[in-house]
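Work through the exercises below with the sequence and the 3D view side by side. Try each task before you read its solution.

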Amino acid sequence: MPRASATFTVWASAWLAGAAAPDDVLDALGPWALAHDVQAADAETAALTDLPPPGSPVSSLAFLLATLRRASPRGPARLVLPVPGDVRGLPGPGAFSREATSAGEGVLFVDAGLGVVPTTIAENVVRWTVYPVPEAGPPVEFVALNQAERDLREQVRQSASVLTSLGVARHRPGVREEIAAALRARPESMWPAGMPGQALRVLQHADEVEAILAAAQVDEPGGALSASAAEARREALRPIETAVRVARRAAVAEAVRVLAASPLV
């Protein structure tokens, strides 16, 4: 479902560009958890950022924002959504890349030489861990938002016939209600003024497709799906999962581009 990292990427970039206030960033992350805390990944990063190391009392998002401001006064953020086998956007081997891949998300501040990974450590508590990223890695892949949106729709269309032939949801008459409930339960994302309309549309579509993917991956009652059918289902869904990640990254990158170009307030 929607990613906290996407919200933080957009709002932190808007704040660094002077298009949002610090309290706006904190409010936007409110739907993700009642509490957000911050720590450095290790003692060296703590000394570099003035954030607490592991084992010390944690800090807050306000201190993280101050750290980012000192390290990169206007540098925008980059959303990463890595999974094993698809690590596009990561800077290369290292702690940040490893932990972002494990979490499936992260935020990279290239100009600041820092990366941030959120993890849920308790009910309604998200911890943002800050990692050093001394090398930016290869140039980030650019995918035009128009292309990403078309590819997402095309992947959904191409896979629909395969999923139908596999009988996904044939024995689950309440699947539409499951999808609707999943969408209602997702955190209500808030976005800055000036957020591009197409980016909003693509993010909403990605949420909807991901809810469908989650429903499609639930086994039939009694585990009636054969091993070969389950593998065929995974193969059919994998391109859609990739298209969702690409679309989210492209939508967030476009929002960051537009907001970072906003005049300082």
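A nonpolar core is a set of buried Ala, Val, Leu, Ile, Met, Phe, Trp, Tyr and Cys residues joined through side-chain atoms within 4.5 Å. Buried means under 20% relative accessible area, exposed over 50%, and partly exposed in between (1.4 Å probe, protein chains only). This is a predicted model: local features need pLDDT of at least 70, side-chain atom pairs count only at pLDDT 80 or more, and totals for chains, interfaces and linings use all residues. Residues are numbered from 1 along each chain as its sequence is written, and side-chain values use heavy atoms, with hydrogens and water left out.

**Exercise 1. Find the largest nonpolar core and the helix that gives the most to it.**

Step 1. The largest nonpolar core has 57 residues. Those with the most contacts inside it include Phe 8, Trp 128 and Val 130.

Step 2. Helix 9 (residues 227-260) gives the most to this core: twelve residues. Helices (H or I, at least four residues) and strands (E, at least two) are DSSP runs, numbered from the N terminus.

Step 3. Look for a second core. A separate one has eight residues, among them Leu 90 and Phe 96.

**Exercise 2. Is strand 1 enclosed or open, and which strand does it join?**

Step 1. Count the buried residues. Five of the six residues of strand 1 (residues 35-40) are buried, so this strand is largely enclosed by the rest of the structure.

Step 2. Find the partner. Strand 1 runs parallel to strand 5 (residues 125-132), and six bridges join them. Two strands pair if DSSP finds at least two bridges between them.

Step 3. Locate one position. His 36 stands opposite Val 126 in strand 5.

**Exercise 3. Which residue forms a salt bridge with Asp 37, and which with Asp 207?**

Step 1. Know the rule. A salt bridge is a side-chain nitrogen of Lys or Arg within 4 Å of a carboxyl oxygen of Asp or Glu. The whole structure has eleven.

Step 2. Asp 37 pairs with Arg 127, with the closest N and O atoms 2.7 Å apart. Asp 37 lies in strand 1 and Arg 127 in strand 5, so the pair ties together parts that are 90 residues apart in sequence.

Step 3. Check burial. Asp 37 is buried at 10% relative accessibility. Arg 127 is partly exposed at 21%.

Step 4. Asp 207 pairs with Arg 248, with the closest N and O atoms 3.0 Å apart. Asp 207 lies in helix 8 and Arg 248 in helix 9, so this pair ties together parts 41 residues apart in sequence. Asp 207 is buried at 8%, and Arg 248 is buried at 3%.
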